[in-house]
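Let's take a walk through this one together. Have the sequence and the model open side by side, and follow along as we go.

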Amino acid sequence: MFIAGNWKLHKGPQEADTLATALKRALADETAVDIAVAPPFISIPAVVDRLKHTGILVAGQDVHPEIKGAFTSAVSSEMLKDAGCAYTLVGHSERRSIFGDDDAVVNAKVHAAFRAGLLPILCCGETLPQREAGQAVEVVTRQLAAGLAGLAADQVVSTTIAYEPVWAIGTGVTASPDQAQEMHAAIRSWLAANFPAFVPTQTRIQYGGSVKPGNARELLSQPDIDGALVGGASLDADSFLAIVRAGA
Ligand code: PEP
């Protein structure tokens, strides 16, 4: 079980330290669940420092494909690794829709993560019109085929897939446990059809999209749901803790 919190554009260094301190107090000894938090870049050093010697790992929210150069405002995977991150999100729907990350860029970022020794959390998910048109599985598997292109099987296993239906992110509308399970099973079947047999059994697939303390347990009890990527509810220590405990 792997629960990750995406803090998005929230929590500057001081607020991030306060939240990390609360998580450290409550979760330092949590071993049943793998936990990561993704603060904004500027808050990563404070959070890494606060969470050192705990099992809570730190993730970037995004990464630039290049190592260095004239890419104003960008942060490379090597820089995230140097700052103490273990993971990075890649291909979050807000990166895709607001910042224009297409599948080729997402794939370059996945490779950049591995180049630096970071583990990618690769986000995928369909929009509501795509779901209503019956294209959800096709869209998600196309995103995965492109995002995972060129990886060795052991790298695919080291990639966490976060299925996040776009219509459920930040909307308060959650996929029903059945809807989520159906897509997670489809993703696992797609992995089975495209990679060696150990890949579908060992690859973790998180669900994301308005996960809250009140719905986490039922979602996380589905057979193909291996964790959650949590946005809004990860900004409050108590609600994030409740979600982690639901997965324990
Ligand atoms: C997310 O940003 O990845 C997310 C799932 O957000 P929320 O939990 O707020 O829907």
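The tour below goes from a helix to a strand, then to a sheet and two of its neighbours, and ends at the pockets.

One thing to keep in mind throughout: this is a predicted model.

Start with helix α2, which spans residues 44–51. Three of its residues, I44, V47 and L51, are buried. Why do they end up on the same side of α2? Because they cover an arc of only 70 degrees around the axis. As for what sits over them, the cover of the buried α2 residues includes α1 (13–27), β2 (34–38), β3 (56–60) and α3 (77–83). Just after α2 comes H53, and its phi is positive, near 65 degrees.

One of those covering elements, β3, is worth a stop of its own. L57 is found in this strand, and it counts as partly exposed because its relative accessibility is 36%. Once neighbours within four places in sequence are set aside, L57 is in contact with I35, A36, V37, A86 and Y87. You can also gauge its place relative to P45: the two are 12 residues apart in sequence and 12 Å apart in space, C-alpha to C-alpha.

Now jump along the chain to strand β7, residues 205–208. Which of its faces is covered? Both are: I205 and Y207 are buried on one side, and Q206 and G208 are buried on the other. β7 has partners too. Strand β6 (residues 160–163) runs parallel to β7, with 3 bridges joining them, and within that pairing Y163 has Y207 as its bridge partner. Strand β8 (residues 227–230) also pairs with β7 in the parallel sense, this time over 2 bridges. There, look for G208 standing opposite L229.

Stay with I205 for a moment, since it leads to a couple of charged side chains. R188, in helix α9 (residues 177–194), touches I205 along with P200, T203, D224 and D226, not counting residues up to four places away in sequence. Is R188 buried or exposed? With a relative accessibility of 14%, it counts as buried. D224 lies in the loop between α11 (213–220) and β8, and it is buried too, with a relative accessible area of 15%. Leaving out residues up to four places away in sequence, D224 touches R188 and I205, and also Q181, H184 and A185. So R188 and D224 touch each other, and each of them touches I205.

Finally, the empty space. The largest pocket holds about 570 Å³. It is lined by 22 residues, and the closest to its centre are F41, Q61, D62, R95 and F99. Which element gives the most to this lining? That is helix α4 (residues 93–98), with 3 residues. By class, the lining divides into 11 nonpolar, 6 polar and 5 charged residues.

The second largest pocket has a volume of about 240 Å³. Of its 14 lining residues, R96, S97, G125, Q143 and V166 are the closest to the centre. α4 turns up here again: α4 and α7 (136–147) are the elements that give two or more residues to this lining. Its make-up is 3 nonpolar, 6 polar and 5 charged residues.

Terms used. Residues numbered from 1 in each chain as written. Predicted model: local features only at pLDDT ≥ 70, side-chain atom pairs only at ≥ 80, totals over all residues. Heavy atoms only, no water. Buried < 20%, exposed > 50% of the residue type's maximum accessible area, 1.4 Å probe, protein only. Helix = DSSP H or I, 4+ residues; strand = E, 2+ residues; numbered from the N terminus. Arc of directions from axis to C-beta. Contact = heavy atoms within 4.5 Å. 1 Å grid on protein atoms, 1.4 Å probe; cavity = no way out; pocket = protein on both sides within 12 Å on 5 of 7 lines; lining within 4 Å. Points joined across faces, edges and corners; volume = space filled by probe spheres on them. Nonpolar A, V, L, I, M, F, W, Y, C, P; charged D, E, K, R; others polar. Pairing = 2+ DSSP bridges.
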